[in-house]
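Work through the exercises below with the sequence and the model open. Try each task before reading its solution.

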Number of protein chains: 2
Amino acid sequence: MSQSTQDQRKYQILDAALEVIVRKGYEGSSMSDIVKKSKLSKGAIYWYYSSKKEVYLALVNHWVHQYSPTLNLIIEDNQPASVQLKGLFNFFITQYETDPTIFKAIAVFWSLAGRDNDFKEKFDKVYSEFFTLIEKIIIKGVESKEFKNIDTKIAALSIMVNIESAIWFTLFENYGISATKYMETITDFILAGLIK
Amino acid sequence: MSQSTQDQRKYQILDAALEVIVRKGYEGSSMSDIVKKSKLSKGAIYWYYSSKKEVYLALVNHWVHQYSPTLNLIIEDNQPASVQLKGLFNFFITQYETDPTIFKAIAVFWSLAGRDNDFKEKFDKVYSEFFTLIEKIIIKGVESKEFKNIDTKIAALSIMVNIESAIWFTLFENYGISATKYMETITDFILAGLIK
DNA sequence: TAAAATAAACCGACCGGTCGGTCTATTTTA
DNA sequence: TAAAATAGACCGACCGGTCGGTTTATTTTA
């Protein structure tokens, strides 16, 4: 079997795993659930992954790899820091509108990271990269005098938190606020606080 | 057995349940875990609660009841809205410093609410009350001309999100930012954006 | 001593993971 | 080049063990 066909099988498994973990949680979901969703057999899944945990750990990478090209594009184009930040927010707003599933999954992995070290380490890596990316943009903005002379770490974390807050809307759509409008307003608010 | 002794037994069970759910998650934890931690028997726990789910649902109320007196105190004293908001933030910063366990539990319930309707409803109620409380403060601030004429719902949600962001620090203490310093800075930042 | 509370033995359902075996495609043999 | 051998991909029945919940027996309380 060719490499790409193998990859496709893996995607088939991971796509199923994503749906399953969102609907049933980590311990609450079984390999049989993934088997059913993926339309493969138990044997097939254990052929590609050695354990339930390995499937879900791979799922974290899976979605990070889906994001990183776009994120890198945002940094690499040579626009003002504020435009880049806005691009970042827009990307996640669009992502949320297209398919909020991943945000739901993040909530699951989140609570998982709190009690399982393997997941914590994986998450740590993913978020520290994301954090560094945001901080880079901010440092650039400060150096070019576009931004005020703020604490870049705190600003970066704050932006990360507010992006992640889209998770809220996967649960509560009913506070009379639309997710998109909220995110847009928050973006402007944060930028207003940053820009000189 | 007297009412208060019964209550104490319930607390004993819920305190154990809190520790257990944080360490093992919802489906990942068993009644036997709670039995062990609480130093009671299975029979005793099923005497007070009819199911595992009911124990954990009660746990949500348990912690809300611990918070609400303080929160009500904050609103009832007749201080400027900005002082009240600051009091709110301080309360949660102190809470986090004293014992971040509850923030970890919130992450678990969070992901649970995404897939279980009973937990979603419970959470919905809790958060909409909290949300209303914050919005009330903001409306007051707007009416007294202390705050700018902003969208009170968006502002309230934003404050709620930023309070909850303390959850981050239960996972990642290592971005070179102290939780307290971060929360204090964010408070000032938000207030600066609100105040005229 | 009746009712309330606790303890512990127990049950059927289900779980993660294993394993013997099948099917198909490619490679080796004669 | 036809037959035999090998290897990779895949299947699903099955196993040991755990789980949530029930039942039954015992102790404590009032």
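**Exercise 1. A salt bridge between chains**

Task: Decide whether D151(B) is buried, partly exposed or exposed, and find what its partner K181(A) does for the two chains.

Solution. This is a predicted model, and the values that follow are computed from it.
Step 1. D151(B) has a relative accessible area of 35%. Buried means under 20% and exposed means over 50%, so D151(B) is partly exposed.
Step 2. K181(A) has a relative accessibility of 43%, so K181(A) is partly exposed as well.
Step 3. Side chains of opposite charge can pair when their charged atoms come close.
Step 4. K181(A) and D151(B) form a salt bridge, with their closest N and O atoms 3.3 Å apart. The cut-off is 4 Å.
Step 5. K181(A) belongs to helix α10 (residues 179–194) of chain A, while D151(B) sits in the loop between α7 (117–143) and α8 of chain B, so this pair joins two chains.
Step 6. A salt bridge also links the side chains of D151(A) and K181(B), at 3.3 Å from N to O.

**Exercise 2. The interface**

Task: Describe the contact between chain A and chain B by residues, area and salt bridges.

Solution.
Step 1. On the chain A side 46 residues take part, and they touch 46 residues of chain B.
Step 2. The buried area between the two chains is about 4000 Å², and carbon and sulfur atoms give 72% of it.
Step 3. The rule finds 2 salt bridges across this interface. Over all chains the structure holds 18.

**Exercise 3. A salt bridge within one helix**

Task: Explain how D124(A) and K120(A) are placed relative to each other in helix α7 of chain A.

Solution.
Step 1. The side chains of D124(A) and K120(A) meet in a salt bridge of 3.1 Å, N to O.
Step 2. The two residues are 4 apart in helix α7 of chain A, which means a separation of about one helical turn.
Step 3. D124(A) has a relative accessible area of 18%, so it is buried. K120(A) has 21%, so K120(A) is partly exposed. The cut-off of 20% falls between these values.
Step 4. In chain B, K120(B) and D124(B) also form a salt bridge of 3.1 Å, N to O. Both lie in helix α7 of chain B, 4 residues apart, about one turn of the helix.
Step 5. D124(B), at 17% relative accessibility, is buried.
Step 6. A network of salt bridges with shared partners joins K53(A), D116(A) and D118(A).

**Exercise 4. The fold of chain A**

Task: Which secondary-structure elements does chain A have, and how much of the chain is buried?

Solution.
Step 1. Chain A has 10 helices and 0 strands.
Step 2. The C-alpha trace of chain A spans about 60 × 40 × 30 Å along its principal axes.
Step 3. Chain A has 196 residues, and 53% of them count as buried.
Step 4. Take the contacts in chain A with a separation of 6 or more: 65% of them come from residues 24 or more positions apart.

**Exercise 5. Buried or exposed?**

Task: Compare the surroundings of A166(A), K125(A) and D33(B).

Solution.
Step 1. A166(A) is in helix α9 of chain A. Its relative accessible area is 4%, so A166(A) is buried.
Step 2. Apart from neighbours within four places in sequence, A166(A) contacts Y96(A), F103(A) and M183(A). A166(A) and M183(A) are 17 residues apart in sequence, and their C-alpha atoms are 7.6 Å apart.
Step 3. K125(A) is part of helix α7 (residues 117–143) of chain A. With 57% relative accessibility, K125(A) is exposed.
Step 4. D33(B) lies in helix α2 (residues 31–38) of chain B and, at 14% relative accessibility, is buried. Neighbours within four places in sequence aside, D33(B) touches V20(B), K24(B) and G28(B).

**Exercise 6. The largest cavity**

Task: What is the volume of the largest cavity, and which residues lie closest to its centre?

Solution.
Step 1. There are 6 cavities of 30 Å³ or more. The largest holds about 210 Å³ of space.
Step 2. It is lined by 14 residues, and W110(A), I167(A), W110(B), I167(B) and W168(B) are the closest to its centre.
Step 3. The lining residues divide into 10 nonpolar, 2 polar and 2 charged.

Conventions: Residues numbered from 1 in each chain as written. Chains lettered and ligands numbered in written order. Predicted model: local features only at pLDDT ≥ 70, side-chain atom pairs only at ≥ 80, totals over all residues. Heavy atoms only, no water. 1 Å grid on protein atoms, 1.4 Å probe; cavity = no way out; pocket = protein on both sides within 12 Å on 5 of 7 lines; lining within 4 Å. Points joined across faces, edges and corners; volume = space filled by probe spheres on them. Nonpolar A, V, L, I, M, F, W, Y, C, P; charged D, E, K, R; others polar. Buried < 20%, exposed > 50% of the residue type's maximum accessible area, 1.4 Å probe, protein only. Contact = heavy atoms within 4.5 Å. Buried area = accessible area lost by both parts, 1.4 Å probe.
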